[in-house]
Amino acid sequence: MSVLLEVEDLTKRFGGVTAVDGCSFTVDEGTVTALIGPNGSGKTTVFNLVTGCLPADSGAVRFSGREVTGMSPGRLYQRGLSRTFQQARVFPELTVLENLVVAGGWSFAGLFRQRVSRADRVRAAELLDEFRLDRVGDLLAAELSWGQRKLLEFAALLMSDPRLVLLDEPTAGVNPILIETMEAHIRARHAAGTTFLVVEHDMQFVMRLCDPVIVFDRGCPIASGTPEHVQSDPRVLDAYLGE
Amino acid sequence: MTRGGLSRAGVLAVVLAVLPLALPQHWVVSMLVFTVMYAALASSWNLIGGFAGYPSLGHAAFFGFGAYTVALIFPNTHNLSNGLLPFAILPGIAVVAGLIGLPIGAIAMRTRADVFAIVTITLLFVAQTLALNLRSLTGGAQGAGVAVPPFDVANFERPFYYAMAVLLLVAMGAGWYSQRSKIGLSLAAVRADEDKARGIGVHVTGVKLLAFSVSVGITAMIGGVWAYYVDFVYPQFAFDPLITIGMVLMAFLGGRGTLWGPVIGAVVLVPAQQYLAYELGGSQLYLIAYALVFLLIMRFLPRGILPTLTHLRRRRRLIAAADPAPRTAAAELGLAHDGQGGARV
């Protein structure tokens, strides 16, 4: 198994707070890797650093063997590294279909083509079917439920055929049935060859879906391994339950 | 183009062509010139202020740039053998203004929303101050005269009117094209959530600069026609905050981010303003009355005339469609409490 994402000695400070502190880990191609840890342990900041949303103070990020530290989120997206947000971010004034089309990773020249071409429709229709959004394709994203928006955000970034998808709390604020739906979609995509890095607080979800699991505390990994392994690691229990 | 869009464009072109022939009185045509001018200004402002969500208050700087360019190339000492010559240089003005707009837009659009509005209004006052102080070039506060147009007195306004009408069609054409292409899709994404748009590979900077550049280019051409029409440019009128505010208000009123909203806004506001100025002209009361018109519309149609109407129509349709999928969406909007799917708008 080859290394798809390599994070090396990454550090980020916000004033006096060191959110991410000399953090190193790797994500192997073809895995669903989980990133867990108590609130404030730096998981989302790591996401922001890896995807170029925030500049790192020091350290390096390599994606499929290439140094991508400091690269803009848009270029990373076009190279196959994309993410979702804790609070699903879709474009409320665009239709569901348009939300997919706009995420197609267009070149500048591509902007001058038709807003939603027939080819776009065909391409988007597959994803709409896959995510059962086909019946709401012409609704505005503002008219979707919260859970549907999370599905839409996930579906939209698949327009770029990403190699690695970072999911920031995919089950936060959605109902149990939709959690299962979300899990099924991740599994299906994983089976099709996409690698995932998931930040999640729902431990049952993580233990069912993810392997390996990386545990974060105070800005760096303290343990990693199979779900069973980290669950029995005393450092992990300590980080979660405290002294 | 859809059939509806094509026929609407055709109707507009015919109406614009026929209006001054049907209503040939000088004062009417003069008012038409200003109505169409503001419709064109609001439509070109809409490219960046509406579709991209960057509320520029600095567009009058480019309006003034176009006005002064015409005044300096065709000063009043110039004897115009061909009255159409100043119109011929307008595309050149647009290109130069568009190019000047690139670095300005690149810097100004590092800020957003209200900060962007303040940064751009600063641009307007910088331009005005330059026009006041570069006396050797602009004539300073004394203004600059423009060559007298050698047009027939009986139909003096017509060439200016038609020039403005063409520019309105250009501005609306640019808006229409952007909405039909992925430019409009990208701009809508920028307007809603710029960082997210950047994160999914949208060419945020490129598309913003394109919209800004085209927008100010058209604005400058309108300024050029205006200068030739009024025949004399002063810094305080060519770089007038009221021009900026006028185009912004009209776009807001009619519905920014829509193709026809700015036109509707201009058609309502310009004649209203002229009428109120005529009725209450002696005092400055007309400005208060003008503000009142605006307050009333913002109170009752806060999203602008066109989007409010579109929203109402969409609600009707959603509720009328008894199909369960849109129903859940309608229910979430809090529209379908009765469970009967009856229209209650």
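**Strand pairing, core and chain contacts in a predicted two-chain model**

Leu164(A) has Thr195(A) as its bridge partner in E8(A). That pair belongs to a predicted model, and it makes a handy way into the sheets of chain A. Helix H1(A) packs on the sheet here, where it touches strand E3 (32-36), E6, E7, E8 and strand E9 (213-217) of chain A. The direction of this helix makes about 145° with that of E7(A).

The sheet itself is open, with 6 strands in the order E6-E7-E8-E3-E9-E10 (chain A) and mixed pairing. At its edges stand E6 and strand E10 (220-225) of chain A; each has a single partner strand, so one side of each is left without a neighbour in the sheet. Direction ignored, neighbouring strands of this sheet are turned by 20° against each other on average.

Strand E7 is worth a closer look. On one flank, strand E6 (residues 81-83) of chain A is joined to E7(A) by 3 bridges, and the two run parallel. Within that pairing, Ser82(A) is found opposite Val165(A) in E7(A). E7(A) also pairs with strand E8 (residues 195-199) of chain A, again in the parallel sense, this time over 5 bridges. Here Leu166(A) sits opposite Leu197(A) in E8(A).

How many residues of strand E7 (residues 164-168) of chain A are buried? The count is 5 of the 5, so the strand is largely enclosed by the rest of the structure. The side chains split in two directions: Leu164(A), Leu166(A) and Asp168(A) point one way from E7(A), while Val165(A) and Leu167(A) point the other way. Asp168(A) is thus listed among the buried residues along with the Leu and Val positions of E7(A).

Chain A has another open sheet, built from 4 strands in the order E2-E1-E4-E5 (chain A), with antiparallel pairing. Its edge strands are E2 (17-28) and E5 (66-67) of chain A; each has a single partner strand, so one side of each is left without a neighbour in the sheet. Inside the sheet, strand E1 (residues 3-14) and strand E4 (residues 58-63) of chain A pair in the antiparallel sense over 5 bridges. One of the residue pairs involved is Thr11(A) with Ser58(A), the latter lying in E4(A). Helix H1 turns up here too: H1 (residues 43-50) of chain A lies across E1, E2 and E4 of chain A and runs at about 70° to E2(A).

Taken as a whole, chain A comes to 9 helices and 10 strands. Its C-alpha atoms fill a box of roughly 55 × 40 × 35 Å along the principal axes. For 243 residues, a compact globule would have a radius of gyration near 18 Å, and chain A has 18 Å, which agrees. Buried residues make up 43% of the chain. Among contacts in chain A between residues at least 6 apart in sequence, 66% join residues at least 24 apart.

Chain B has 17 helices and 2 strands. Along the principal axes, the C-alpha atoms of chain B fill a box of roughly 75 × 45 × 40 Å. The radius of gyration of chain B is 22 Å, which agrees with the value near 20 Å for a compact globule of 345 residues. Some 46% of the residues of chain B count as buried. As for contacts in chain B between residues at least 6 apart in sequence, 78% join residues at least 24 apart.

The largest nonpolar core holds 175 residues, and Met164(B), Leu167(B) and Ile222(B) touch the most other members. Helix H11 (residues 204-230) of chain B gives the most to this core, with 17 residues. Leaving aside neighbours within four places in sequence, Ile222(B) is in contact with Met37(B), Ala40(B), Leu41(B), Phe63(B), Gly66(B), Met164(B) and Leu167(B).

That leaves the meeting of the two chains, where 33 residues of chain A are in contact with 25 residues of chain B. On the side of chain A that touches chain B, helix H2 (73-79), helix H3 (96-101) and helix H5 (146-157) of chain A each supply at least two residues. H2(A) gives the most to this side, with 4 residues. By class, the chain A side is made up of 18 nonpolar, 8 polar and 7 charged residues.

Note on methods:
Residues numbered from 1 in each chain as written. Chains lettered and ligands numbered in written order. Predicted model: local features only at pLDDT ≥ 70, side-chain atom pairs only at ≥ 80, totals over all residues. Core = buried A, V, L, I, M, F, W, Y, C linked by C-beta atoms within 7 Å. Buried ≥ 20, exposed ≤ 12 C-beta atoms within 10 Å, placed from the backbone. Contact = placed C-beta atoms within 7 Å. Nonpolar A, V, L, I, M, F, W, Y, C, P; charged D, E, K, R; others polar. Rg over C-alpha atoms; globule rule 2.2 N^0.38 Å. Pairing = 2+ DSSP bridges. Axes fitted to C-alpha atoms, helices over the stretch in contact; angles between N-to-C directions.
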